[in-house]
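Me: Could you take a close look at one part of this model for me? I would like to follow the helices of one stretch of the second chain, and then see how that compares with the rest.

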Amino acid sequence: MKNLTNEQFGHDLNIISNLNEVPAPNFFYTRLKGRMENETSIIANSFSLNPIIIICALTLFLFINSWLLKTDSNLKNTNLNQNIEALAVAYDQAISN
Amino acid sequence: MNENELISRLKLGEEPAFKILVETYQNRVYSSVLNILQNAAEAEDAAQETFIKIYESINSFKEESTLATWIYRIAIRKALEKIRMKKNRERLHSILPWWMPIEEKSLDAAYLNPGIKIEHKEKATIILKAISELPNNQRIAFTLVRVQGMKHEEASEIMQISIKAIESLLSRAKENLKKKLKHYYKS
């Protein structure tokens with residue numbers, strides 16, 4: 001029985017032995033070129049969607065925003081003090097802390 | 001055009017040279033990856049990725065081996081990548097079936113291969129399925145030598161292992177196949 005199995009096994013393996021080449025699908029080169037061109041354009045377009053670029057742009061935006069807010073609040077404080085002093089002078093009042 | 005001329009023209013980025021390369025090797029590459037992956041759509045994808053990789057990295061080809069061996073190496077690496085990705089997809093599908101649907105299977109390699117006689121197609125499908133269940137190294141060695149009819153020396157160059165290692169892989173592959181096929185003989 002074992003010999004028969006070996007024989008059967010050998011016969012079965014011969015079915016898939018030394019198979020001929022399977023031809024590539026039609027228009028293989030054309031499709032490959034299409035894919036390569038498509039991938040190149042995707043890479044070019046994806047530059048602006050690159051996570052590193054996005055994170056850097058956001059960080060820069062936040063930095064400029066916080067700097068502007070800080071500058072603006074300092075300016076407002078100075079203006080407020082100047083206004084109070086001007087009012088006090090106009091009404092001939094002394095400001096004491 | 002001889003191989004050296006083709007390589008130097010490829011390194012210069014000449015498109016006609018790339019077309020010649022693709023037309024020369026497309027059947028061999030497609031056939032190899034189809035025999036490994038046993039899925040026509042995946043095989044075409046892997047063959048295309050092989051040629052894209054060749055185009056991108058031809059300048060790193062040091063000509064220590066023949067162009068054909070180098071191309072086969074890339075093709076097999078791409079086929080193994082596909083197997084890994086498929087396994088990951090299946091693993092993810094078992095965890096999250098609604099998120100990762102299983103892809104539709106295309107025609108089996110056995111039905112596409114003109115070398116398999118019609119009366120043997122059914123049995124060939126069973127054997128090819130059993131081959132696909134072998135560990136990757138055994139699967140590649142067995143496919144290259146037994147299915148594609150390569151010499152042990154060629155397979156050892158492609159897989160970058162010794163001839164003895166190829167022989168050992170083949171013997172283990174055969175043993176494992178026998179165990180797997182016994183189940184089918186019984187039924």
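What follows is a walk along part of chain B, with a look at chain A at the end.

Reply: Happy to! Please keep in mind that this is a predicted model.

Let's start with helix H6 of chain B, residues 121–132. Its twelve residues, at 1.5 Å a residue, should span 16 Å, and the end C-alpha atoms are indeed 16 Å apart, so expectation and model agree. Four residues of H6(B) are worth finding on your screen: Ala124(B), Ile127(B), Leu128(B) and Ile131(B) are buried. Those residues cover an arc of only 100 degrees around the axis, so they sit on the same side of H6(B). The general background is that an α-helix has 3.6 residues a turn, so residues three or four places apart point the same way.

Next come two helices that meet. A pair of packed helices is described by the angle between their axes and the distance between those axes. For helix H7 (residues 136–147) and helix H8 (residues 152–159) of chain B, the axes come within 9 Å and cross at roughly 145 degrees. The crossing of H7(B) and H8(B) is right-handed. On the H7(B) side, the contact is made by Ile140(B), Ala141(B), Leu144(B) and Val145(B); H8(B) brings His152(B), Ala155(B), Ile158(B) and Met159(B). Sorted by kind, the residues of this contact are seven nonpolar, one polar and no charged.

Following the chain out of H8(B), you reach the loop between H8 and helix H9 (163–186) of chain B, where Gln160(B) is found. Gln160(B) has a positive phi of about 55 degrees although it is not a glycine. In general, most residues other than glycine have a negative phi. Is Gln160(B) buried or exposed? Gln160(B) is exposed, because 10 other C-beta atoms lie within 10 Å, and 12 or fewer count as exposed.

Chain A offers a residue to set beside Gln160(B). Phe27(A), too, has a positive phi of about 55 degrees although it is not a glycine. Phe27(A) lies in the loop between H1 and H2 of chain A. With 10 C-beta neighbours inside 10 Å, Phe27(A) therefore counts as exposed.

Finally, the two chains touch: 21 residues of chain A are in contact with 31 residues of chain B. On the chain A side, helix H1 (2–15) and helix H2 (28–45) are the elements that give two or more residues, and H1(A) gives the most, with six. That side of chain A divides into 13 nonpolar, five polar and three charged residues.

Technical notes:
Residues are numbered from 1 along each chain as its sequence is written. Chains are lettered from A and ligands numbered from 1 in the order in which they are written. This is a predicted model: local features need pLDDT of at least 70, side-chain atom pairs count only at pLDDT 80 or more; totals for chains, interfaces and linings use all residues. Axes are lines fitted to C-alpha atoms, for helices over the stretch in contact, and angles run from 0 to 180 degrees between N-to-C directions. A crossing is left-handed if the near helix is turned anticlockwise from the far one by less than a right angle, and right-handed if clockwise. Two residues are in contact if their C-beta atoms, placed from the backbone, lie within 7 Å. Ala, Val, Leu, Ile, Met, Phe, Trp, Tyr, Cys and Pro count as nonpolar, Asp, Glu, Lys and Arg as charged, and the others, Gly among them, as polar. A residue is buried if 20 or more other C-beta atoms lie within 10 Å of its own, exposed if 12 or fewer, and partly exposed in between; C-beta atoms are placed from the backbone. The expected span of a helix is 1.5 Å times one less than its number of residues. The arc is that of the directions from the helix axis to the C-beta atoms.
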